[in-house]
Amino acid sequence: MKSIHKAVRDQFSQHADYYAESTAHAKGDTLEVILDFANTQGTEKTLDIATGTGFTAFALAPKVSHVIATDLTPEMVAKAAELALEQEISNIAFSVAAAEALPFSTASMDLVTCRLAPHHFQNVPKFLNEVHRVLRPDGLFCLTDSVSPESDNLITWQNRVEKLRDESHVFGYPPSQWDKMIQTAGFNIEDSAHTRNAQMSFMWWVRPQQNPPDVVKEIRDAFAELSPEDAKKHYTYEPSGNDFYFSWPMYAVKAKRI
Ligand SMILES: C[S@@+](CC[C@H](N)C(=O)[O-])C[C@H]1O[C@@H](n2cnc3c(N)ncnc32)[C@H](O)[C@@H]1O
């Protein structure tokens, strides 16, 4: 079987341009809540993990001392570096690194951020231990990611659907499991928020150019298995002709390193 790191690189190396232009990823509540939770003073040595094409790192750069933007996929880092040059952001450095093995010194950061990525991580406890290691005592960790609802059936359903669409998906935990894992890694949770991404067209999200018709059908059939109540309440499901619109639940955490 393909390793998860290889699946991530295969997936994201093809999508750097698409991702850089995606307004769904550029803005939105998940970015605003990180900026709000970070409450920056202009002095922070900052690390943005799984930076993608740099949306979070670029939003933070003018508000902190400097940012190191890391990602596992060299093509995403290259695109982020190109965009930083174009946007004349000078207090940013780039590095190709796995979230589970960060090449930075212990207690070297004041602020660590990670947005919309841990559901692709091979080993979330290892990632959290690394965040804890690189942060100084009392340093801040701000995270947002897609999460499953607090229901065993929906945890199984959502992760099956996500994995069918994208083999680099690993696991979307429910908020209660995030809280436990973050606390176990040695953090105090200071704030948290439930949010969601912007509604997406199923036919856009499912990537029919990449996924064959039988897989698209299997995922569409999986949505039809949801009860109307769950579809509406947890996924904001709205039919629209031959398509439908939906969104994923998201969770944001502000945690202080003990
Ligand atoms: C949705 S994108 C990035 C989102 C980005 N943080 C933002 O705010 O726009 C997810 C990124 O996670 C990266 N990634 C996935 N697994 C990783 C890992 N184990 N370590 C580091 N980066 C990883 C992928 O290469 C991809 O660029």
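**Notebook: the ligand and its surroundings**

I began with the ligand and found 22 residues around it. The closest are Ala-50, Thr-56, Asp-71, Thr-73 and Arg-115. I noted at once that this is a predicted model.

Next I looked up polar contacts. I took Asp-71 to start. An N or O atom in the Asp-71 side chain lies 2.6 Å from an oxygen atom of the ligand. Then I turned to Thr-56. Its side chain has a polar atom 2.7 Å from a ligand oxygen atom. For Ala-99, I found that the backbone takes part: one of its N or O atoms is 2.8 Å from a nitrogen atom of the ligand.

How much of the ligand's accessible area does the protein cover? I read off 99% of the 600 Å² that the ligand has on its own. I also checked where the ligand sits, and the place is the largest pocket.

I then sorted the shell by class. I listed 13 nonpolar residues, six polar ones and three charged ones.

Which helix gives the largest share of the shell? I found H1, with three residues. Helix H1 runs over 4-13 and helix H5 over 55-60. Each of these two helices supplies at least two shell residues.

Last, I stepped back to the whole protein. I recorded twelve helices and ten strands. The radius of gyration is 18 Å, and the globule rule gives 18 Å for 258 residues, so I wrote down that the protein is as compact as a globular protein of that length. I closed the page with the box that the C-alpha atoms fill: roughly 50 × 40 × 35 Å along the principal axes.

Note on methods
Residues numbered from 1 in each chain as written. Predicted model: local features only at pLDDT ≥ 70, side-chain atom pairs only at ≥ 80, totals over all residues. Heavy atoms only, no water. Near = heavy atom within 4 Å. Polar contact = N/O pair within 3.5 Å; in protein donor to acceptor, adjacent residues only side chain to side chain. Areas by Shrake-Rupley, 256 points an atom, 1.4 Å probe, with all protein chains shown as cover. 1 Å grid on protein atoms, 1.4 Å probe; cavity = no way out; pocket = protein on both sides within 12 Å on 5 of 7 lines; lining within 4 Å. Sits in = over half its atoms within 2 Å of the grid points. Helix = DSSP H or I, 4+ residues; strand = E, 2+ residues; numbered from the N terminus. Nonpolar A, V, L, I, M, F, W, Y, C, P; charged D, E, K, R; others polar. Rg over C-alpha atoms; globule rule 2.2 N^0.38 Å.
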